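Student: Could you take me through one part of this model up close? I'd like to see how two helices pack, and what sits in the loops that follow them.

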Amino acid sequence: MPIGPDRPPAQLSVTVQPDGNLTRFVAVGEIDTSTAEQFKQSLDAALDQHPATLCVDLAGVTFLDSTGIGALAHALHRAAQDHVRLTVAKTPAGTSGTRSQRPADAVD
Amino acid sequence: MVVPAVRLSMTLRLPRDVAGLHLVRAVTDPVLAGCGVTPACRHDIAVALTEACGNAVVHAESVDEYQMSIKVADGLCVVEVSDAGIGFEWDGRPSRPSLTAVSGRGLYIISQYTDHLHVDTLPGRRTTVRFIKKLEFTANTDSGRPTDRRTPPADTGQPTPGVPQASEMVAPTAGLND
């Protein structure tokens, strides 16, 4: 695979599925410093729609670092201010081991 | 547990941009997998590596590149991430961040995911983050046979089964044991 300036550093795709009072936010890919800002802005955009509940599904996220957790924490603060219930439905696939859940636990 | 007799050292000199973070994982994970390291252990190392390299990318202002070294020997993985950036004040241990902090988790996460963390930083000059992880190996790794063991510094040049060779390995570099 060619590695050059135009190659995306890490891939993250986000789909937002509004369904009445519940909006599902489905992230797939890797979240690190290179994609955390995209993740944060997507969460902000979903919160801008003021759903009653925003359900963040991270089952398709294969990598999540501290910047991704920071983005979730940011969304948690905003959701509290905007009276939106924010839930994290599924933990990343790569963090299913008990030992490896510590970073994600930080936003429980 | 039999510790596979795998020894390797690899150094990457990386541009200080976010694209390199993905590259660090893309390069190191297959090497560790080839050494027979378990997926869970590789994941822990990938997390710690990404945090250390991410810190260099974000905070090492005034430089264009940084260096990452990884060494596997005696059942341990020793990683150093060094930059000649602006450094920072460090009091010797990472503080536990508040549950809802939006930043400041990196070093704490490294300390939780690895067995040893040492930060050497000089404000205005440089930073080296060094961590050590005890490796866990898959049960079916076959590189633990005594006949495979190579004793440094003499290197027989014989490949070890299941270990990435040649293009993925770089001659051991100075600095890891400094």
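Tutor: Let's start with the helix pair in chain A, then visit two loops and finish with a helix in chain B. This is a predicted model, where local features need pLDDT of at least 70, side-chain atom pairs count only at pLDDT 80 or more, and totals for chains, interfaces and linings use all residues. Residues are numbered from 1 along each chain as its sequence is written, while chains are lettered from A and ligands numbered from 1 in the order in which they are written.

Find helix α1 (residues 36–48) of chain A and helix α2 (residues 66–81) of chain A: their axes come within 9 Å and cross at roughly 20°. Helices (H or I, at least four residues) and strands (E, at least two) are DSSP runs, numbered from the N terminus. Axes are lines fitted to C-alpha atoms, for helices over the stretch in contact, with angles from 0 to 180 degrees between N-to-C directions. So α1(A) and α2(A) are roughly parallel to each other, the word for angles under 35 degrees (over 145 is roughly antiparallel, 65 to 115 roughly perpendicular, the rest oblique).

Now look at who touches whom. From α1(A), Ala36(A), Phe39(A), Lys40(A), Leu43(A), Asp44(A) and Leu47(A) meet Thr67(A), Gly68(A), Gly70(A), Ala71(A), His74(A), Ala75(A), Arg78(A) and Ala79(A) of α2(A). In contact means that C-beta atoms, placed from the backbone, lie within 7 Å. The residues of this contact split into 7 nonpolar, 4 polar and 3 charged. Here Ala, Val, Leu, Ile, Met, Phe, Trp, Tyr, Cys and Pro count as nonpolar, Asp, Glu, Lys and Arg as charged, and the others, Gly among them, as polar.

Next, the loops. His50(A) is in the loop between α1 and β3 (53–64) of chain A, and its phi is near 50°, a positive value in a residue other than glycine. Because His50(A) has 11 C-beta neighbours inside 10 Å, it counts as exposed. The cut-offs use other C-beta atoms within 10 Å, placed from the backbone: 20 or more is buried, 12 or fewer exposed, in between partly exposed. His83(A), in the loop between α2 and β4 (85–90) of chain A, has a positive phi near 60°. With 8 C-beta neighbours inside 10 Å, His83(A) counts as exposed.

Last stop: chain B, with 3 helices and 5 strands. Its α2(B) is mostly covered, as 17 of its 21 residues are buried.

Notes: Two residues are in contact if their C-beta atoms, placed from the backbone, lie within 7 Å.
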